[in-house]
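Let's take a walk through this protein, starting with the overall layout and ending at a single residue in a loop. Keep the viewer open and follow along.

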Amino acid sequence: TPETRPEEVTAARSGESGGFVYGGAMLPGAALAAIIWGLAAFTAFMPLYAVDVGLSGSRYLFLLYAGIVLARLPDRLGAGRAGSLSLSATAAGLVLIAAWTSPAGLYAGTALFAIGQGLGFPALMTLVVNSAMPSERGAAVGTFMAFFDLAFAVGPITLGWVAHGAG
């Protein structure tokens, strides 16, 4: 695709690549890992937890989640604001799910959690890509996505240990 930045910005930022790992992706990547860790917990434990609090299954919770995640909220809020709101809503949704142990609590917590999830990835990826020079965009996206993969690889295992230890 053609460059979309104004020409003076592109000219000022052009140059050699900074390396394999892009430092500007570390903080947004860590935030993404926290968000994805929450998603790993939600997808791994919700089917069992929904039955435990009196639902016949988790299918409608996942339907609610999917409907909210597909909304285009980050485009309306801006990347920085959406990224911050994402972390807060994800954490608040998980706390609500755990604290309000009823079907109503699951639906309310799932809606809040899904808002956080829907905001997180696009907002944080936008922050990373916008901070990188054209020659660093590959390393920026690769570094950011490594946090996604690492969180999904380590999250369910560590959360399983926590769940086992907590009962």
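Reading from the N terminus on, the elements go α-α-α-α-α-α-α. That's seven helices and zero strands. Keep in mind that this is a predicted model.

How do the contacts spread along the chain? Take the contacts with a separation of 6 or more: 77% of them join residues 24 or more positions apart. On the burial side, 36% of the 167 residues are buried. The surface that the protein exposes comes to about 9100 Å², and carbon and sulfur atoms supply 69% of that area.

Now for the inside. In soluble globular proteins, nonpolar side chains tend to be buried together. Here, the largest nonpolar core has 29 residues. If you want to find its hubs, pick out Met 46, Leu 106 and Phe 144, the residues with the most contacts inside this core. The helices α2, α3 (59–69), α6 and α7 each supply at least two of the core residues, and α2 gives the largest share, with nine.

Leu 106 is a handy place to zoom in. Leaving out residues up to four places away in sequence, Leu 106 touches Met 46, Tyr 49, Ala 50, Val 53, Leu 55, Leu 61, Ile 97 and Trp 100. So one of the partners of Leu 106 is Met 46, itself on the list of residues with the most contacts in the core.

Next, the pocket. The largest one has a volume of about 410 Å³. Helices α2 (26–52), α5 (79–99) and α7 (137–166) are the elements that give two or more residues to its lining. There are 14 lining residues, and Ala 41, Phe 45, Tyr 49, Ala 98 and Ala 163 lie nearest the centre of the pocket. Tyr 49 may ring a bell: it's also among the residues that Leu 106 touches. Once again α2 brings the largest share, this time six residues of the lining. What kind of wall does that make? By class, the lining has 13 nonpolar residues, one polar and no charged ones.

Last stop: the loop between α6 (103–131) and α7, where you'll find Ala 132. Is Ala 132 buried or exposed? Its relative accessibility is 0%, so Ala 132 counts as buried. For a sense of how the chain comes back on itself here, look at Ala 25: Ala 132 and Ala 25 are 107 residues apart in sequence, while their C-alpha atoms are 8.9 Å apart in space.

Terms used
Residues numbered from 1 in each chain as written. Predicted model: local features only at pLDDT ≥ 70, side-chain atom pairs only at ≥ 80, totals over all residues. Heavy atoms only, no water. 1 Å grid on protein atoms, 1.4 Å probe; cavity = no way out; pocket = protein on both sides within 12 Å on 5 of 7 lines; lining within 4 Å. Points joined across faces, edges and corners; volume = space filled by probe spheres on them. Helix = DSSP H or I, 4+ residues; strand = E, 2+ residues; numbered from the N terminus. Nonpolar A, V, L, I, M, F, W, Y, C, P; charged D, E, K, R; others polar. Buried < 20%, exposed > 50% of the residue type's maximum accessible area, 1.4 Å probe, protein only. Core = buried A, V, L, I, M, F, W, Y, C linked by side-chain atoms within 4.5 Å. Contact = heavy atoms within 4.5 Å. Areas by Shrake-Rupley, 256 points an atom, 1.4 Å probe, with all protein chains shown as cover.
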